[in-house]
Amino acid sequence: MGDGCLNCNPKKSVISISLATNGFSKTDVEKLICKLNCKIEGLNASIQERKNHKREKSFIIYIGSSSVLKFLDYVGEPFLKSFSYKWDIQGYSEIKTICKCCNREFIHYGFNKEYRVKCSECRKK
Ligand SMILES: [Zn+2]
């Protein structure tokens with residue numbers, strides 16, 4: 001649990017989690033990701049390569065914005081108060097918005113409601 005971090009940037013509307021699995025082999029990390037994605041419905045964890053100052057490769061688990069809430073829900077409340085800051089998502093949430101273009105309700109993730117006014121279909125136009 002100590003080896004993970006929540007990257008939260010309300011200004012850029014970015015949120016993600018990295019799990020420092022650097023000590024594990026690529027195969028093991030891939031297996032872990034498989035397990036996570038199976039266990040937690042809708043989760044989309046992926047592998048990311050990191051290089052240290054000696055240019056040695058290691059692998060971490062990356063959980064992107066649409067999966068962060070699902071992951072935190074699954075993990076539950078921190079069992080140590082000192083880890084609470086890792087749960088501080090500063091109001092980041094699933095937001096249901098009515099699209100200004102097509103009037104259909106759509107879901108996106110962000111820090112406030114003004115962030116997105118059009119659904120993904122209408123933004124393509
Ligand atoms: Zn729309």
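This report describes how the chain of a predicted model is divided into domains and then turns to two residues with an unusual backbone angle.

**The two domains**

In this predicted model, the chain falls into domain 1, which covers residues 4-90, and domain 2, which covers residues 91-125. The C-alpha centres of domain 1 and domain 2 are 25 Å apart, and the contact draws on nine residues from domain 1 and seven residues from domain 2. On the side of domain 1 that touches domain 2, helix α2 (residues 65-75) gives the most, with three residues. Sorted by class, that side of domain 1 holds five nonpolar and four polar residues, whereas no charged residues are found there.

**Two residues with positive phi**

Most residues other than glycine have a negative phi. Against this background, R55 deserves a look, since its phi is near 65° although R55 is a residue other than glycine. N103, which is not a glycine either, has a positive phi of about 65°. The table sets out where each of these residues is placed.

| Residue | Phi | Loop between |
|---|---|---|
| R55 | near 65° | β3 (45-51) and β4 (57-63) |
| N103 | about 65° | β5 (93-98) and β6 (105-110) |

Are these residues buried or exposed? R55 has 6 other C-beta atoms within 10 Å, and because a residue with 12 or fewer such neighbours counts as exposed, R55 is exposed. N103 has 8 C-beta neighbours inside 10 Å, so N103 counts as exposed by that cut-off of 12 or fewer.

Definitions and conventions:
Residues numbered from 1 in each chain as written. Predicted model: local features only at pLDDT ≥ 70, side-chain atom pairs only at ≥ 80, totals over all residues. Domains from an automatic or database assignment. Contact = placed C-beta atoms within 7 Å. Helix = DSSP H or I, 4+ residues; strand = E, 2+ residues; numbered from the N terminus. Nonpolar A, V, L, I, M, F, W, Y, C, P; charged D, E, K, R; others polar. Buried ≥ 20, exposed ≤ 12 C-beta atoms within 10 Å, placed from the backbone.
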